[in-house]
Every structure is written in structure tokens, then in C-alpha cells.
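Hi,

Here's the structure I said I'd pass along. Have a look at it first, and my notes follow underneath.

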Amino acid sequence: MKMHRNEVSRRAAVRIAGLVSATALLAACASMGGGGPKAEARLEARSGSAVTGTVSFQGVGQKLRVEARIAGLTPGEHGFHVHEAGDCSAPDASSAKGHFNPAGRAHGHHGGSDRHAGDMPNLVADASGRANISAEVDMLSLTEGPAGILNRSVVIHADPDDYKSQPAGNSGKRVACGTIRAVAGAGAGY
Ligand SMILES: [Cu+2]
């Protein structure tokens, strides 16, 4: 009888613990967007384009997941980078300066290790000018450290990045630019 009672109360305790952790998880999801620290750039059209969209970065272990939903592009591939400065004010976005490159390396393919930290995969726009991407990138972080991208910028170019020409892959004009800002309440780290 005593064993039975202990078993009942143990099970009740497990159920309560389960409810508490599920509730805590829901609360965490609501405030953090379901993961680690997050930042976002709202793009503004530049160089006479009509490009619009949002790019988000979220911590996933040692990497960042970059997700973008873009419209108003010309069909095909477009260079897509993190640039050094968070200033998108110039009509041609030249105020964003060059690629984010804290290690002082040459421009290269986003999958390699000898490249700019800000090198990312080309966006590919469909016939209606829309491009979505979801990719994991390394060498970038949402912290205040040397790899930190907060208050830098995301730039989209008119042409494809060839992943080899210096210093920026011959990707042409800057057709959109957005400052990367922390999303309020999204985890710790900044
Ligand atoms: Cu660029």
C-alpha cells in the first residue's frame, strides 16, 4: 500500500514537472522566436532599384542561420554579403563600405575558410523577382566580439558574386541595404 502511494505521487510529480517545462518552453519561444539570439535587417532599395525584404540571423550553436525573403529583384543570382558599416544612407549604399572582413583575407567562396567573414551564398531570384534563402553561415556571430555583425549591414547586389574576383566578386551595384539590429528580447549575448 505504501509502495503504491509513492508510485502515484511520483507519477503526479513527473506530470507536473512536464507541464512546467512545457509552459517554460512556450514562454521562451514567445520571447526568443524559438532559438538563440536573433538579429534582423530590414532592407531599403538602393541604386534606383525596387528591392524590398527582410534578412534575419539567429544563433545555432557556433553558427548563424541566415534567412531572407526578398522581392523586387531581377531574375537570377545576386551577390549577398555582410558589409562592414551599418550605414546604408548613400543612394548607392557605398556608405556600407566593403565586405565585413575582420581577418583581412581575400574574397572567396562562402563554403571555404579563406574568405571574407561576410561572404554568403548568392540569392537566386525567380522569374517574379522573389528570392528566399535559409542557410547556415560560420565566421559570424551576434556577440560584441570581432566576428560580431550587429550594427553592420546586409547588402544585395545587382549581379551574381563569382566568388573569386577581388574585392567583391564582381557583383555590381548595391540594389538593397539594411542595418543589422538585435531583435529585442531575443536571448542573451548582446
Ligand atoms: Cu556586397
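Which residue in β2 does A39 stand opposite? It's F57. Bear in mind that this is a predicted model.

That pair belongs to a bit of sheet you can trace outwards from β1. On one side, β1 (residues 38-45) runs antiparallel to β2 (residues 52-60), and 6 bridges join the two strands. Their hairpin has 6 residues between the strands, and S47 takes a positive phi there, near 55 degrees. β1 also pairs with β9 (residues 174-182), again in the antiparallel sense, over 5 bridges. If you want a register check for that pairing, A41 has I180 in β9 as its bridge partner.

Next, the core. The largest nonpolar core has 34 residues, and L43 and I156 touch the most other members. At least two residues of this core come from each of β1, β2, β3 (63-71), β5 (80-83), β6 (123-125), β7 (131-137), β8 (153-157) and β9. Setting aside residues up to four places away in sequence, I156 touches L43 itself, plus V51, I70, H78, F80, L123, V175 and A176.

One more spot to click on is G118, in the loop between β5 and β6. It counts as buried because it has 26 C-beta neighbours inside 10 Å, where 20 or more is the cut-off. Beyond its neighbours within four places in sequence, G118 is in contact with H81, V82 and H83, and also with H99, F100 and N101. H99 is 19 residues away along the chain, yet the C-alpha atoms of G118 and H99 are separated by 5.7 Å.

Cheers

Notes. Residues numbered from 1 in each chain as written. Predicted model: local features only at pLDDT ≥ 70, side-chain atom pairs only at ≥ 80, totals over all residues. Pairing = 2+ DSSP bridges. Helix = DSSP H or I, 4+ residues; strand = E, 2+ residues; numbered from the N terminus. Core = buried A, V, L, I, M, F, W, Y, C linked by C-beta atoms within 7 Å. Buried ≥ 20, exposed ≤ 12 C-beta atoms within 10 Å, placed from the backbone. Contact = placed C-beta atoms within 7 Å.
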